[in-house]
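The following exercises guide a reader through one protein structure. Each task is followed by a solution in steps.

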Amino acid sequence: MDNDAQQWISAMREGDYARAWALSARDLAARDPATRDDPRLPYHQRWVWDGRPFDGRDVLVRCYHGLGDTLQFARFLPALTARARRVTVEAPERLHSLLASVDPAVTLASFDHADPLPPAECDIEITELPFALRCRPDVVATPYLSVMPDVLPTGVIGLCHQGGDWDPGRSFDPLLLRGIAEANRCVTLVPEASPLPVLNPEGCAFTMEETAALVAACDLVITVDTMIAHLAGALGRPTWLLLKAEPDWRWNPAATATPWYPSMRLFVQQSPGDWAGVIARVHAALVARNAPLNNNERSDHGNDCGTVGSRLLG
């Protein structure tokens with residue numbers, strides 16, 4: 001990683017957005033315009049916005065990164081639609097219902113990797129929005145996504161141990177969560193069968209609408225750095241995020257909170273690969289969180305687990 005990139009990461013983590021945007025502006029000015037939205041590159045490595053004004057223009061927002069990135073940066077769409085003449089968001093179709101809840105003023109189009117939409121008056125990649133708008137993440141209130149929650153028993157915790165295959169260091173053995181699942185009502189938020197004693201051992205539904213409804217119904221979400229974390233944070237659910245010792249740029253490993261999601265608490269590895277240590281701290285935090293419950297509430301655990309939820313039963 002070059003020095004400019006490291007400076008930018010440091011500025012973002014410290015909340016020094018003016019410095020981060022100055023670095024981004026310097027980087028943009030140095031780019032070769034011929035490399036904009038370069039089809040020779042994978043989508044997630046492309047840059048799109050060339051600095052042109054978007055006020056009063058037709059703007060095409062391209063979602064070239066992952067589902068979690070799209071959900072994270074969708075918070076800035078209302079600020080864009082307030083200034084542009086028309087905003088079209090080219091995004092994976094499975095996200096459309098959620099994105100429509102962020103801002104009904106946008107026009108949604110399906111992102112076909114083989115046949116992307118032609119350029120508009122102004123094109124921008126969704127992760128470029130905060131720089132282009134000079135908009136801090138903490139000025140957007142959460143929740144900014146909305147969905148009808150599923151029906152779950154009181155106090156259910158959602159668990160997600162698995163991140164994307166492209167970074168196996170974000171995932172861990174689900175059996176590390178056994179103690180938590182045995183002591184609490186839990187659902188898995190991973191779309192595959194779970195070895196844990198959860199209410200949905202067959203796994204979470206793969207459809208985004210059902211996953212979002214399940215997350216929205218959880219009393220707490222405990223997850224690694226993946227789409228589920230952004231979904232839970234954008235829905236305003238209490239979320240405990242489990243992170244590598246050196247996490248992605250958006251998370252400050254020296255902090256326990258993040259301006260991206262006020263309802264989120266960070267649990268960072270104290271040494272690389274030490275997921276057991278992270279889970280031990282999470283378990284202790286759960287014990288402290290549950291301590292105010294009276295004996296009747298604690299002893300009632302499991303009595304109503306037969307009623308899992310409309311979608312889980314269906």
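**Exercise 1.** Is Ala-217 buried or exposed? Determine also where Ala-217 is placed and what it touches.

*Solution.* The model is a predicted one.
Step 1. Locate the residue: Ala-217 belongs to helix α8, residues 208-217.
Step 2. Apply the cut-off: a residue is buried when its relative accessible area is under 20%. The value for Ala-217 is 19%, so Ala-217 is buried.
Step 3. List the contacts beyond four places in sequence: these are Pro-149, Asp-150 and Leu-152.
Step 4. Compare with a distant residue: Asp-32 is 185 residues from Ala-217 in sequence, and the C-alpha atoms of the two are 47 Å apart in space.

**Exercise 2.** Describe the surroundings of Arg-75 and state which side chain of opposite charge is nearest to it.

*Solution.*
Step 1. Arg-75 sits in the loop that runs between α3 (67-73) and α4 (77-81).
Step 2. Arg-75 is buried, yet it forms no salt bridge. A salt bridge would require a separation within 4 Å, whereas Asp-138, the nearest side chain of opposite charge, is 8.0 Å away.
Step 3. A polar contact is nevertheless present: the side chains of Arg-75 and Tyr-144 are joined at 3.3 Å.
Step 4. With residues up to four places away in sequence set aside, Arg-75 touches Pro-137, Val-140, Tyr-144, Trp-260 and Tyr-261.

**Exercise 3.** Establish how strand β1 is enclosed and which strands it pairs with.

*Solution.*
Step 1. Strand β1 covers residues 58-62, and 4 of its 5 residues are buried; it is therefore largely enclosed by the rest of the structure.
Step 2. With strand β2 (residues 86-91), β1 forms 5 bridges in the parallel sense. Within this pairing, Thr-88 of β2 stands opposite Leu-60.
Step 3. With strand β4 (residues 122-125), β1 is also parallel, and 4 bridges join the two. Here the bridge partner of Leu-60 is Asp-123.

**Exercise 4.** In what order do the strands of the open sheet that includes β7 follow one another, and which helices pack on this sheet?

*Solution.*
Step 1. The sheet has 5 strands in the order β6-β5-β7-β8-β9, with parallel pairing.
Step 2. The edges are β6 (186-188) and β9 (264-268), each of which pairs on one side only.
Step 3. Direction ignored, neighbouring strands of the sheet are turned by 20 degrees against each other on average.
Step 4. Inside the sheet, strand β7 (residues 220-224) is joined to strand β8 (residues 239-243) by 4 bridges, and the two run parallel. One of the bridge pairs is Val-221 with Thr-239 in β8.
Step 5. Helix α9 (residues 227-234) packs on the sheet and touches β5 (157-160), β7, β8 and β9; the directions of α9 and β7 make an angle of about 150 degrees.
Step 6. Helix α10 (residues 275-290) also packs on the sheet, touching β5, β7, β8 and β9, and its direction makes about 160 degrees with that of β8.

**Exercise 5.** How many residues of α9 are buried?

*Solution.*
Step 1. The count is 8 of 8, so the helix is largely enclosed by the rest of the structure.
Step 2. The buried residues are Met-227, Ile-228, Ala-229, His-230, Leu-231, Ala-232, Gly-233 and Ala-234.
Step 3. Just after α9, Gly-236 adopts a positive phi of about 75 degrees.

**Exercise 6.** Examine the backbone at Asp-37, Arg-134 and Pro-143.

*Solution.*
Step 1. Asp-37 is a residue other than glycine with a positive phi, near 50 degrees. Asp-37 lies in the loop between α2 (17-29) and β1, and its relative accessible area of 17% makes it buried.
Step 2. Arg-134 likewise has a phi near 50 degrees. Its place is in the loop between α6 and β5, and at 42% relative accessibility Arg-134 counts as partly exposed.
Step 3. Pro-143 is found in the loop between α6 (129-133) and β5. The peptide bond joining Thr-142 and Pro-143 is cis, with omega about 0 degrees.

**Exercise 7.** Which backbone nitrogen does the side chain of Ser-171 reach?

*Solution.*
Step 1. Ser-171 is in the loop between β5 and α7 (178-183).
Step 2. Its side chain reaches the backbone nitrogen of Gly-163 at 2.7 Å.
Step 3. Beyond four places in sequence, Ser-171 touches His-161, Gln-162, Gly-163 and Trp-275.

Technical notes
Residues numbered from 1 in each chain as written. Predicted model: local features only at pLDDT ≥ 70, side-chain atom pairs only at ≥ 80, totals over all residues. Heavy atoms only, no water. Buried < 20%, exposed > 50% of the residue type's maximum accessible area, 1.4 Å probe, protein only. Lys, Arg positive; Asp, Glu negative; His and termini not counted. Polar contact = N/O pair within 3.5 Å; in protein donor to acceptor, adjacent residues only side chain to side chain. Contact = heavy atoms within 4.5 Å. Pairing = 2+ DSSP bridges. Axes fitted to C-alpha atoms, helices over the stretch in contact; angles between N-to-C directions.
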